[in-house]
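Q: Could you take me through one part of this model up close? I'd like the ligand site, step by step.

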Amino acid sequence: MVYSLHQMPGWGSALVELQLAWYGLPHELIETGDLFDSAAARDRLSRLNPRAQIPTLVLPSGEVMTESAAITLHLADITGRDDLVPGPGAAERAAFLRWLIFIVANIYPCFTFADDPARFVADPDAAKAYRARVDDHHRTLWREVAAIVEMRGGPWFVGQRFSALDLYLAVMTNWRPGKDWFAAEAPGLLAIGRAAGNRPELAAAMKRNFG
Ligand SMILES: N[C@@H](CCC(=O)N[C@@H](CS)C(=O)NCC(=O)O)C(=O)O
């Protein structure tokens, strides 16, 4: 009954690794290799996930799951727990679902489109300009999230209670636009990410991913 997480330390697989650790689910970690630099790594992973992205999680049943938000909801279902995903009757449920999907549908794709701009724009100069616009959009999205989180009053993303959205901040505040940007423009998000990452249940997985 072991989950196999295809992963790279510090990449999006950390979103799932933190949850597996939180729930105490037995899992093995399989390092994919750099999916941008290694055609062999992409080729290997694409046999499980044609997108060749991580997180890719093989469930104990053998079913392959991708998409961090889907995995987040599934792990809550399977454990029967509501400590990371507010249950259907919870006051925070609607906000949780809204912002979970907002992050994966709006913010996460900024990485897809900017990590390797040449995939989308062939001309190198045009690719540079395109990358700058995606990065601008990316910062705008985080500002929108920061304003909403501030309005909700804290201390966590959805308000009084902890949730998987705090784990998303623990991971994603380590990524672009970078810690300095978050400190200057979205200090509330950085503070939540830090507090979430400091939870003792997550210490080992955080250290493995972010040092
Ligand atoms: N929608 C996916 C996005 C996953 C994703 O973009 N993962 C990145 C790593 S952080 C990746 O594998 N990138 C390699 C690529 O896109 O080729 C999710 O939420 O799990």
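Which side chain has an N or O atom 3.0 Å from an oxygen atom of the ligand?

A: That one is R119: an N or O atom in its side chain lies 3.0 Å from a ligand oxygen. Taken alone, the ligand exposes 520 Å², and the protein buries 92% of that. Keep in mind that this is a predicted model.

Now for the nitrogen side of things. E67 puts a side-chain N or O atom 2.6 Å from a nitrogen atom of the ligand. Y108 also has a polar side-chain atom facing a ligand nitrogen, at 3.4 Å.

Stepping back a bit, 13 residues surround the ligand, and R42, I54, E67, S68 and R119 are the ones that come nearest. So much for individual names; by character, the shell splits into seven nonpolar, three polar and three charged residues. As for where all this happens, the ligand sits in the largest pocket.

Then there's the domain picture. The chain is divided into domain 1 (3-84 + 202-210) and domain 2 (93-199). Each of the two supplies at least three residues to the shell around the ligand. Measuring over C-alpha atoms, the centres of domain 1 and domain 2 are 19 Å apart. The two domains also touch each other: 25 residues of domain 1 are in contact with 23 residues of domain 2.

Methods
Residues are numbered from 1 along each chain as its sequence is written. This is a predicted model: local features need pLDDT of at least 70, side-chain atom pairs count only at pLDDT 80 or more; totals for chains, interfaces and linings use all residues. Side-chain values use heavy atoms; hydrogens and water are left out. A residue is near a molecule or strand if one of its heavy atoms lies within 4 Å of it. A polar contact is a pair of N or O atoms within 3.5 Å; within protein, one must be able to donate a hydrogen and the other to accept it, and residues adjacent in sequence count only if both atoms are side-chain atoms. Accessible areas come from the Shrake-Rupley method with a 1.4 Å probe; for residues, only the protein chains shown count as cover. On a 1 Å grid over the protein atoms alone, a cavity is a set of points where a 1.4 Å probe fits but cannot get out, and a pocket is an open set with protein on both sides within 12 Å along at least five of seven lines; lining residues have an atom within 4 Å of a point. A molecule sits in a cavity or pocket if more than half of its atoms lie within 2 Å of its grid points. Ala, Val, Leu, Ile, Met, Phe, Trp, Tyr, Cys and Pro count as nonpolar, Asp, Glu, Lys and Arg as charged, and the others, Gly among them, as polar. Domain bounds come from an automatic or database domain assignment. Contact means heavy atoms within 4.5 Å.
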